Amino acid sequence: MATETSKLAVAPGVTAPHAPVKALKDPVAPAALAHLDIVQGPFWQRIPAYANIGEAEFLDHKFQAKNSITKISKLLEALQGLVAPDFIKDAEAGFARAPMSVRVSPYLLSLIDWTRPYEDPLRLQFVPMGSRLLPDHPKLDLDSLHERADMPVPGLTHRYFDRALFLPLDTCPVYCRFCTRSYAVGVDTEEVSKFQLRVNADRWQQAFAYIRSRPELEDIVISGGDVYQLRAEQITEIGETLLAMPNIRRFRYATKGPAVMPQKILTDDAWTDALTRVVERGRALHKEVVLHTHFNHPREITWITQAAMNKLFERGITVRNQTVLQRGVNDEVPTMQLLVKRLAHLNVHPYYIYMHDLVKGVEDLRTTLQAGLDIERGLRGLTSGFNTPLVVVDAPGGGGKRDAHSYEHYDRTTGISVYTSPNVHPGKLYFYFDPIDQLPPEGRARWADPAEHEKMIDEARAAAHRHPH
Ligand code: SF4
């Protein structure tokens, strides 16, 4: 059968006339390339406190660490003239009620739009406002993932068959309001006395001994706290110890650092070189060492981030991103699309989007499961599959990560969804709860009556058994 091509073929030696090129797609609108529009220049100088800070000083990681804000008085100092006195009072009330310590880097502070501080997606994540806090859902828990229940030694959670989570320290370069680990991370607050996970040689040795003793463990997540706060020699010690274990095939250092203080990668040579050496040594041993990070909003990415990610890329260091879905921050499809495209542009793989864990004190940041499902639908097909994050629920009570769509049952009126986790605890059911203020009136009324709580959960359990998804 003659093909279209053979019909159009011309005799050898004869040049075919140029057919007009038919454009299959219209030219793209500039908005479709917004991910390339990365903040440039000395953006920090619009904050009065940093108006005279030059590039070299702002890029110095020691300047960032030394000038990070942990007290309301310092926040006030930095924002002098930028916000109304009522805003500071409101933030003071938020600081007092927060389960997390507060720490904001100058980098982050200068990316917040202080002309609209209540709506700003970066402010929302780090500076609590008393007037915006909502009552906790009755099923919220400080350690919602029950990490402590799965710790054979303090600071080492062994939940999944072949991997474990090692928490070598309890401090971070910033403190995020939504932190899953508010039971341990940061200093005690008025609301919470923390579980101790300080750097401690004996504790580390116990964790290493346990990992060495379990041949099924191949994969370790080193988190915290945040590995940005480890000294270079501690990065090396952990890396070399794990690489020397025959059972370990891969591990990841987890840090929020690139999203909140990318300067460290550019100017803390000892730290970045230590990481690079572990990655290179791992490669020589055919073991994978990567960096996991945590961008939540496209505006967290600037030219400084791009320079830092380029440096890691040049050194052959893979970076993957995990995002937490938060109301008012990144729960709109266009925002998440922009984040995914911008990360991919920087060669950072968007890996997971987590439904917000059921942690206390941040009900205003949680979304419904439906919001996560809608985000997934809006992302799939946008770009390559390996750059498309999976939306997951970290099943409350210790079930591990579940594809958000894999619920056995989801009642949008009561906001209860039910998951199973056959590889972690076969037969056990896990319940996730939408925030009550986002439910329809009937659901809100039922949660207002404590006598209804267990009834709703029993109904969800029965439905999950009757009609598994
Ligand atoms: S950096 Fe990570 S561990 Fe630290 S407060 Fe933020 S989410 Fe929690």
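In this predicted model, His286 turns up in the loop that runs between α12 (269-284) and β5. His286 isn't a glycine, yet its phi is positive, at about 65°. That is worth a second look, as most residues other than glycine have a negative phi, and most peptide bonds are trans. The second half of that rule has an exception here too: the peptide bond joining Gly224 and Gly225 is cis, with omega at about 25°. Gly225 belongs to the loop between β3 (219-222) and α9 (232-243).

Gly225 also leads straight to the ligand, as it is one of the residues surrounding it. The others in this shell are Met100, Cys172, Tyr175, Cys176, Cys179, Asp226 and Lys256. Sorted by class, the shell comes out as five nonpolar residues, one polar and two charged.

Where does the ligand sit? Its place is in the largest pocket. That pocket holds about 950 Å³ of space. A total of 42 residues line the largest pocket, and those closest to its centre are Leu165, Arg181, Ser223, Gln322 and Tyr354. Several strands pitch in: β2 (163-166), β4 (250-254), β5 (288-293), β6 (319-324), β7 (348-354) and β9 (400-403) each give two or more residues to the lining. As for chemistry, the lining of the largest pocket has 20 nonpolar residues, along with 12 polar and 10 charged ones.

Now for the sheets. Strands of a sheet pair through backbone hydrogen bonds, either parallel or antiparallel. One open sheet in the model is built from nine strands, and its pairing is mixed. Reading across it, the order is β1-β2-β3-β4-β5-β6-β7-β8-β9. At the edges are β1 (156-157) and β9, each of which pairs on one side only. Inside this sheet, β2 and β3 run parallel and are joined by four bridges. Leu165 stands opposite Val221 of β3, and Leu165 is also among the residues closest to the centre of the largest pocket.

The other open sheet described here has three strands, in the order β10-β11-β12, and its pairing is antiparallel. Why is one side of β10 and of β12 left without a neighbour in the sheet? Both β10 (409-411) and β12 (425-433) stand at the edges with a single partner strand each, so one side of each has no neighbour there. From one strand to the next, the twist averages 20°.

The pairing of β11 (residues 416-421) with β12 can be followed residue by residue. These two strands run antiparallel and are joined by six bridges. Ile416 sits opposite Phe433 of β12, while Thr420 has Leu429 as its bridge partner in that strand. The link from β11 to β12 is a hairpin that goes through three residues.

Key
Residues numbered from 1 in each chain as written. Predicted model: local features only at pLDDT ≥ 70, side-chain atom pairs only at ≥ 80, totals over all residues. Heavy atoms only, no water. Near = heavy atom within 4 Å. 1 Å grid on protein atoms, 1.4 Å probe; cavity = no way out; pocket = protein on both sides within 12 Å on 5 of 7 lines; lining within 4 Å. Sits in = over half its atoms within 2 Å of the grid points. Nonpolar A, V, L, I, M, F, W, Y, C, P; charged D, E, K, R; others polar. Points joined across faces, edges and corners; volume = space filled by probe spheres on them. Pairing = 2+ DSSP bridges. Axes fitted to C-alpha atoms, helices over the stretch in contact; angles between N-to-C directions.
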